[in-house]
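Trainee: Could we go through this structure together? I'd like to know how the labels people put on residues and contacts are earned.

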Amino acid sequence: MKRALITGVTGQDGMYLSRLLLSKGYEVFGLVRGQNNPKLEVIRAWAPEVNIVTGDLLDPSSLLRALNVSQPDEVYNLGAISFVAYSWENAQLTSQVTGLGVLNMLEAIRLYSRDDASKVRFYQASSSEMFGRVQEVPQRETTLLWPRSPYGVAKVYGHYMTINYRESYGMHASSGILFNHESPLRGPEFVTRKISRAVARIALGLQNQISLGNLDAKRDWGFAGDYVEAMWRMLQQDEADDYVVSTGNTHAVREYLDIAFTHVGISDWEQHVFQDPQFFRPAEVDLLIGDSSKAREKLGWEPTVSFRQLVEMMVDSDLELEKQNVK
Ligand code: NAP
Ligand code: F7E
């Protein structure tokens, strides 16, 4: 039985990945931070078989302890401060958790493995935000990185540190450059879930409007359940490497709005949507679209959920949740 340690197990991807690994027969350990973390109950209900280990990416000794407890064959480093807008207001904290946290984990693995590079395979959750002011369309593994937020800069640090540990110590360390991926488990601060929730509530007469920022930003949105499969496939390769994971299609925020509102029978949706300066960013990533040919060829990976299916899945899920809240 293989053993895996997941940091960020209480997040969207951690939850999908934990179920995927359990379904493949893994013994799964999840790192949970803080004292009395409210998400602990959520992950326990979602996947009771996950073994919880306490620890924090900011505390290197807690990571070493987590490795000693879990004795993993594979480590998936999904833990991060992941909300881009928040990263301007908390730039140092974001740099420490999302950037230095990667080094803390890599170094803990190196010490734990006692320089036996084959002992633990490592996955780093890199991001399309690293492309920022895109230097090439579509973006691929070799595209020059030009991050546009403290979050993006921190991810670039973690990305190159992962490559450096691979090259310096021969560690099986892979980096998935994942484009936006969403699901009903997405945090409500991200635009897709913010819209799906609001649309459900507007359809049920529980609210009348939604305030948003830039409706023209374009993202390559996929389904989180598909993307965790790509993470796992990366660590099953003989050689560690970096892969772009994306659908290859891009859509503006307003297209998401259009499909979401139309799905609940509201065609004149503009009257419900307001733009508020507080949701615009100091520097925007205007366009993201990924070229995932390498992942498709080498990992045999491909997305299974279309943009429309994703939007409708999220709205349907929020309709159910909001109906339960009303009861
Ligand atoms: P998420 O839902 O925001 O989850 C982030 C996770 O990190 C949570 O479990 C959180 O724990 C944990 N965390 C935060 N600070 C920590 C710390 N100091 N020590 C240990 N854990 C900490 O993010 P996600 O959408 O699942 O994304 C997973 C990873 O992929 C992140 O690294 C993200 O940056 C990256 N990524 C995401 C996307 C995407 O579109 N979703 C795309 C590219 C890359 P709490 O629950 O306790 O806060
Ligand atoms: O914004 C625009 C906003 O916050 C998407 C993270 O998982 O994916 C995510 O980062 C777009 C941006 O995600 C609102 O300006 C308009 O252009 O949903 P988001 P993100 O910033 O793309 C990447 C790949 C990650 O790695 C990150 O961890 O939508 N937008 N109006 C808005 N965004 C938000 N949040 N709220 C609005 O009201």
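Trainee: Buried or exposed: what are Arg166 and Asp242 called?

Mentor: Both Arg166 and Asp242 are buried. The label means under 20% relative accessible area, while exposed is over 50% and partly exposed lies in between (1.4 Å probe, protein chains only). Keep in mind that this is a predicted model, where local features need pLDDT of at least 70, side-chain atom pairs count only at pLDDT 80 or more, and totals for chains, interfaces and linings use all residues. Residues are numbered from 1 along each chain as its sequence is written, chains are lettered from A and ligands numbered from 1 in the order written, and side-chain values use heavy atoms, leaving out hydrogens and water.

Trainee: What makes Arg166 and Asp242 a salt bridge?

Mentor: A salt bridge needs a side-chain nitrogen of Lys or Arg within 4 Å of a carboxyl oxygen of Asp or Glu. Arg166 and Asp242 meet at 3.0 Å, N to O, so the name fits. The two sit 76 residues apart, with Arg166 in helix H6 (residues 150-169) and Asp242 in strand E11. Helices (H or I, at least four residues) and strands (E, at least two) are DSSP runs, numbered from the N terminus.

Trainee: And why is Glu136 called partly exposed?

Mentor: Its relative accessible area is 25%, which falls between the buried and exposed limits, so partly exposed it is. Glu136 has a salt bridge with Arg140, the closest N and O atoms being 2.7 Å apart. Arg140 comes out at 38%, so that residue is partly exposed too.

Trainee: How do you know that Thr247 is buried?

Mentor: Thr247 has 14% relative accessibility, so it is under the limit and counts as buried. You'll find Thr247 in the loop between strand E11 (242-245) and strand E12 (251-252).

Trainee: What makes the Thr247 and Asp220 side chains a polar contact?

Mentor: That term takes a pair of N or O atoms within 3.5 Å; within protein, one must be able to donate a hydrogen and the other to accept it, and residues adjacent in sequence count only if both atoms are side-chain atoms. Thr247 and Asp220 are at 2.6 Å, so the pair passes on distance.

Trainee: Which residues are closest to ligand 2?

Mentor: Ser82, Ser127, Tyr151, Arg281 and Glu284 are the closest of the 22 residues around ligand 2. A residue is near a molecule if one of its heavy atoms lies within 4 Å of it. For Ser127, a polar side-chain atom lies 2.6 Å from an oxygen atom of ligand 2.
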